[in-house]
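Thanks for coming, everyone. I'll put the structure up now and talk you through a few spots that caught my eye.

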Amino acid sequence: MYHDLRDETDLPANLCVRAYSKALEAMKSTVADWKKGNSRPLPRFDKPSAVYDKRTLTIKDRSATLSTINGRVAVDYVLGDYQKSYLDDDDYEKRMGTLHYREGEDAFYLHIVIKKEVEERDGDKVLGVDLNLKNVAVTSTGSFYDGGDLLWGQNHYFRVRRILQHKGTRSAKQVLRRLSGRETRFVLNRLHTISRRIVEEADAHDCSYIAVERLTHIRERMDHQDDRVKRQLHNWAFRELQEMLEYKAAEYGIRVEHVPPAYTSQTCSKCGHRSSTNRDSDGWFECTDCGYEVDGDYNAAKNIGMTLLTLPSGERPGGLGDGHLALKSGTLNGNGNYTAYDTTSADRESTDKPTTSVVGRWPSRGRRENPAET
Ligand SMILES: [Zn+2]
C-alpha cells in the first residue's frame, strides 16, 4: 500500500507513511469491532486531511512550515487567545499535527498535539458535578453553568437546519452542509468554555478530584418524545463535554472520576432520604422527609461528590484518603461531618446559596433561598 501511494501520488515519503498508518488504525479498530459482533461499515475518509509529524511539520509560535508536493511551504496561523496561550507556553511540547481542509470555507485547519508533564495533585477534596446539557452543569460548590443556547431546538443553527431539512432541495442541502460545520463549532466553543470554568472552579476550591456520573445517565434524562437526531446530537455533545473536562482537568493534575448514576437526583443531599417524589418535573428538589428545598441539579451535584467519597474501599481512588466534598461554605466528609472554610470570617455564608457563574445565569424559578448546609 505504501509503495502504491508513492507511485500514484507525489506525496513526500513521510506523509505516505502517516496516511498508511492512519488507514491501518481505522481498519484495525473496525475489525476489532466486527470481532465483538458489532456491525460497522468499512472506514471511509470523506474529508481531506493529512497527518504531519516532526519531520514534515515545524511549529513556531505564529507560523509553521509543512511538507507538501510542492516542497516545504511556510504558513501563518489565524489564532485565538486560547490557542496563543498554549503556543506561547514553553512547557508544552508541540508534537504531531493534522491538517484538515474545510471545503465550505476553502480554508485549512491545523490541529496540533501538545504535551506537558503534569504531576497529579495530592489532597482529598472532591468537587461534585452534575453534567446535564439539557439544563445546566452544576457544581457542589453552587456554580451554575447554563446550557442556554446549547439546548438542541433552541439553538439557532438547529432551528434553521430543521427548516432546510423539510425543504430538501439541492441548494438547501448545500446550506445544510455548511451549517452543520458552524453548528458543531458553535457547540464545541460553548462546551470548551463550560468545561474550562468547571475545572477552574475545582482549582479555586483546591480540589484534586472531580466526580461526574457515568455517561449512560444523559440518556435516561432525555424526554421520550425527543427524536433520534436530537438524541444523537445530545449524546455527542455530552461525550465531548466529558472528554474536554477530563483533559482540561489533567492539565491541573486533577482527576475526573466516574461514579455510578444511581438515585443521585432522587436522594436528599441533606438527610439522605430517597424518594421518586422528591424532585418535581421542573427539576426543583423538595425532600418529602426533612423538607430541604434546593435546585435539583445542585442537589444531584452534591450527591455525585458524596457517592465518590462513600464508595467501598476497593472502588475508591487510592489517593482519596478520608475525602472531603467541597461545598460553597465548607466541606463535608463521608460521614456527613461538616467543616466551615473559615469560622472567624465575618462574610462566611451560612446559607449555601448558589452563585451565578460567568457563563450562565441563575435559573429563574422564583425560589432562590436554600436552607443551610448543615
Ligand atoms: Zn431530606
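Right after helix 4 comes Gly 168, and its phi is positive, near 70°. Keep in mind as we go that this is a predicted model. Helix 4 itself covers residues 156–167, so to speak a stretch of 12 residues, and from its first C-alpha to its last it reaches 17 Å, close to the 16 Å you'd expect at 1.5 Å a residue. Is helix 4 buried or in the open? Well, 1 of its 12 residues is buried, so helix 4 lies largely in the open.

Back to phi for a moment. Most residues other than glycine have a negative phi. Here, though, Asp 106 has a positive one, near 50°, and it isn't a glycine. You'll find Asp 106 in the loop between strand 5 (93–102) and strand 6 (107–115). It counts as exposed, because it has 7 C-beta neighbours inside 10 Å, and the cut-off for exposed is 12 or fewer.

Asp 206 also has a positive phi, about 60°, again without being a glycine. This residue sits in the loop between helix 5 (170–204) and strand 10 (209–213). How exposed is Asp 206? With 13 C-beta neighbours inside 10 Å, Asp 206 counts as partly exposed.

Now for the inside. The largest nonpolar core has 45 residues, and the members touching the most others are Val 126, Val 129, Ile 210 and Ala 211. Which helix gives the most to this core? That's helix 8, residues 296–309, with 7 residues. Take Ile 210 as one of those well-connected members: leaving out residues up to four places away in sequence, it touches Leu 127, Val 129, Ala 202, Leu 245, Ala 249, Ile 254 and Val 256. Apart from the largest core there's another one, of 8 residues, including Leu 15, Ala 50, Tyr 52 and Leu 66.

Last stop, a sheet. It's an open one of 3 strands, in the order 2-3-4, with antiparallel pairing. Strand 2 (57–59) and strand 4 (71–76) are at the edges with a single partner strand each, so one side of each has no neighbour in the sheet. On average, neighbouring strands here are turned by 15° against each other, ignoring direction. Strand 3, residues 63–68, is joined to strand 4 by 6 bridges, and the two run antiparallel. If you want a pair to look for on screen, Ser 63 has Asp 76 in strand 4 as its bridge partner.

Note on methods
Residues are numbered from 1 along each chain as its sequence is written. This is a predicted model: local features need pLDDT of at least 70, side-chain atom pairs count only at pLDDT 80 or more; totals for chains, interfaces and linings use all residues. A nonpolar core is a set of buried Ala, Val, Leu, Ile, Met, Phe, Trp, Tyr and Cys residues joined through C-beta atoms within 7 Å. A residue is buried if 20 or more other C-beta atoms lie within 10 Å of its own, exposed if 12 or fewer, and partly exposed in between; C-beta atoms are placed from the backbone. Helices (H or I, at least four residues) and strands (E, at least two) are DSSP runs, numbered from the N terminus. Two residues are in contact if their C-beta atoms, placed from the backbone, lie within 7 Å. The expected span of a helix is 1.5 Å times one less than its number of residues. Two strands pair if DSSP finds at least two bridges between them. Axes are lines fitted to C-alpha atoms, for helices over the stretch in contact, and angles run from 0 to 180 degrees between N-to-C directions.
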